[in-house]
Amino acid sequence: MKILGIDVGGTGIKGAVVETTTGELISERLRVASPQPATPESVSNTIQGLVAQQHWSGPIGIGFPAAIQHGVARTAANIDSTFIGLSVADYLSAQIGYPVWVANDADVAGLAEMRFGAGRGVSGVVLIITIGTGLGTALFSDGHLLPNTELGHILLDNGSEAEHYASEAVRDTQKLKWKEWGDRFNRYLITMENLFWPDLIILGGGASKKLPKYASRITVQTPVIPAHFLNQAGIIGAALFAEESLKTTSLNQP
Ligand code: BGC
């Protein structure tokens, strides 16, 4: 099935048409800057622009940088706080005029990796960490997702909030060298390991492509590997999530 997958991030909104049976992108991947401030109206306008650029009419899946409980945004660390309490799925469906399904961005990236990527066939506990403007997390046990874990906001042993200490945005703004940032990120990985004892950690987002530059700083015993889809996992997973939701909806219909 073909679905438009969209990944809403703190700095960019990306989208492509995905063939959900294979996880392949079957259109060009387009990226536009996230509007500032990222209010429901401005984000919706930007997404509508992307839908038009893709000449798309049909179902849309969106990975969104917030805890999303049954379509409703519960947090807003890197988007405007007016999203909190809004049914992002209903709002965007009404604005765009096509059915829209919304879930947390890291959760959907995790779905893509578990179905077609680096986590395919892996049982036990798998932690996916997306490194971008924030730190996103998706936690799977035997392939089942525990949604909205929000572990990028955990406090580290130095009192810092993890995503304010070891995100890609922090590396950029503080102009940290890869190894310096790698030490910070390793502190985060140690915290995750001590709490969850995962069997595998998969890294997504921009910094996943650069793993060789900081791999020497990683000391956890859990294997740490880059996402197969690198920073495209969010787009693919958003489409997979929409497909799953579509199936459930039609199954539930009389
Ligand atoms: C948000 C998460 C999101 C992550 C990555 C965090 O600031 O709270 O919901 O998954 O950033 O975008």
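The following paragraphs describe the surroundings of the ligand and the setting of Leu50 in a predicted model.

The ligand sits in the largest pocket. It is surrounded by 13 residues, of which Asn104, Asp105, Glu150, His153 and Glu163 come nearest. For three of these residues, polar side-chain atoms can be paired with oxygen atoms of the ligand: a polar atom in the side chain of Asp105 lies 2.5 Å from a ligand oxygen, an N or O atom in the side chain of Glu163 is found at 2.8 Å from an oxygen atom of the ligand, and for Asn104 the corresponding separation between a side-chain N or O atom and a ligand oxygen is 3.0 Å. The ligand, which taken alone exposes 310 Å², has 94% of that area buried by the protein.

A separate site of interest is Leu50, a residue of helix H1, which spans residues 40-53. Leu50 has a relative accessible area of 1% and is therefore classed as buried, the cut-off for that class being under 20%. When residues up to four places away in sequence are not counted, Leu50 touches Ile6, Ile13, Lys14, Gly15, Leu30 and Val32. With respect to Thr137, Leu50 is separated by 87 residues in sequence, and the distance between the two residues in space, taken from C-alpha to C-alpha, is 26 Å.

Technical notes: Residues numbered from 1 in each chain as written. Predicted model: local features only at pLDDT ≥ 70, side-chain atom pairs only at ≥ 80, totals over all residues. Heavy atoms only, no water. Helix = DSSP H or I, 4+ residues; strand = E, 2+ residues; numbered from the N terminus. Buried < 20%, exposed > 50% of the residue type's maximum accessible area, 1.4 Å probe, protein only. Contact = heavy atoms within 4.5 Å. Near = heavy atom within 4 Å. Polar contact = N/O pair within 3.5 Å; in protein donor to acceptor, adjacent residues only side chain to side chain. Areas by Shrake-Rupley, 256 points an atom, 1.4 Å probe, with all protein chains shown as cover. 1 Å grid on protein atoms, 1.4 Å probe; cavity = no way out; pocket = protein on both sides within 12 Å on 5 of 7 lines; lining within 4 Å. Sits in = over half its atoms within 2 Å of the grid points.
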